[in-house]
Structures are given as structure tokens and as C-alpha cells.
Amino acid sequence: MVEGQDELDRLKESWNLCSYCRKERAVHKDHIMSKSDRRRHEGWDDEAVNSCAPCNWRKLSRHLVPRGYPRLAELNELTPNRPWKEWDGSIEGLRETLR
Ligand SMILES: [Zn+2]
């Protein structure tokens, strides 16, 4: 083991990790619903989640939520024609949502 590895692991844990990929440090706050969706669903009180820059850019206004997001069912009730899916930040996961 590299000297200082424990300390490094501890530091990594204390960083704000991205809610989607859970690998990268979160530097953005990502709105679950895009601005245009929020305008249409004013009853939805959107909470922003931690996101790394790549995940934030990849997600755009897609209907994606972090894994284990507790309000997934609520979102799907709001927009039954455009279902929401859990996303792990991966490109493969992004492709799946486009199918
Ligand atoms: Zn990420």
C-alpha cells in the first residue's frame, strides 16, 4: 500500500461525490427537472442534486435521476408520456435512455 493511502481514501470520501456516477467530485448542482419542464409543472419543488461536470453536461434535459432517487414515482406521475429513469452517469446508460 502506498504511504498516505488511508488519508487519501478518507479525503475522497469526504469530497462531495457526484450523485450520478458516484466517482467524480461534484462541482455542479443539477436540477432534476429542466427549466422548461419546471415551467410546465409548477407544483414540483425541484431540488438540485450534486453532479460532476461531465454528468451534468451529458444529462442535459433528459429525464434521468440518480440511482435510488426517492421521488422517481412522483416524477413519473407528472410526466407519464416521458418516463424517468435512473442513471449511473455512464455512456451506455445514456444510450439506453435513447432507445
Ligand atoms: Zn458524475
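**Arg22, Leu60 and the nonpolar core in a predicted model**

Arg22 comes out as partly exposed, because 15 C-beta neighbours sit inside 10 Å. In this predicted model, Arg22 belongs to the loop between helix 1 and strand 1 (28-31). The backbone there is a bit unusual in sign: Arg22 has a positive phi of about 55°, despite not being a glycine.

Leu60 tells a similar backbone story, with a positive phi of about 50° and, again, no glycine at the position. Leu60 is found in the loop between helix 3 (53-59) and strand 3. With 9 C-beta neighbours inside 10 Å, where 12 or fewer is the limit, Leu60 therefore counts as exposed.

Stepping back to the whole chain, there are five helices and four strands, arranged from the N terminus as α-β-α-β-α-β-α-β-α. The C-alpha trace spans about 55 × 30 × 20 Å along its principal axes. Of the 99 residues, 19% count as buried. As for contacts between residues at least 6 apart in sequence, 47% of them join residues at least 24 apart.

How far can the model be trusted from place to place? The mean pLDDT of the chain is 88, and 91% of residues reach 70 or more. Confidence bottoms out in helix 1 (residues 5-14), with a mean of 70, and peaks in strand 3 (residues 64-66), at 96.

Now for the interior. In soluble globular proteins, nonpolar side chains tend to be buried together. Here the largest nonpolar core has twelve residues, and four of its members are cysteines: Cys18, Cys21, Cys52 and Cys55. The aromatic members are Tyr20, Trp84 and Trp87, and the set is completed by Ala26, Ile32, Met33, Leu64 and Val65. Cys18 makes a handy way in. Once its neighbours within four places in sequence are set aside, Cys18 is in contact with Cys52, Cys55 and Ala26, each of them also a member of that core. The other partners of Cys18 on this count are Lys23, Glu24, Asn50, Ser51 and Gly89.

Glu42 offers a contrast to the core. Glu42 sits in the loop between helix 2 (35-40) and strand 2 (48-51), and it is exposed because just 7 other C-beta atoms lie within 10 Å. Measuring across from Glu42 to Trp87, a core residue, the two are 45 residues apart in sequence and 24 Å apart in space, C-alpha to C-alpha.

Technical notes
Residues are numbered from 1 along each chain as its sequence is written. This is a predicted model: local features need pLDDT of at least 70, side-chain atom pairs count only at pLDDT 80 or more; totals for chains, interfaces and linings use all residues. A nonpolar core is a set of buried Ala, Val, Leu, Ile, Met, Phe, Trp, Tyr and Cys residues joined through C-beta atoms within 7 Å. A residue is buried if 20 or more other C-beta atoms lie within 10 Å of its own, exposed if 12 or fewer, and partly exposed in between; C-beta atoms are placed from the backbone. Two residues are in contact if their C-beta atoms, placed from the backbone, lie within 7 Å. pLDDT is the predictor's confidence in each residue, from 0 to 100. Helices (H or I, at least four residues) and strands (E, at least two) are DSSP runs, numbered from the N terminus.
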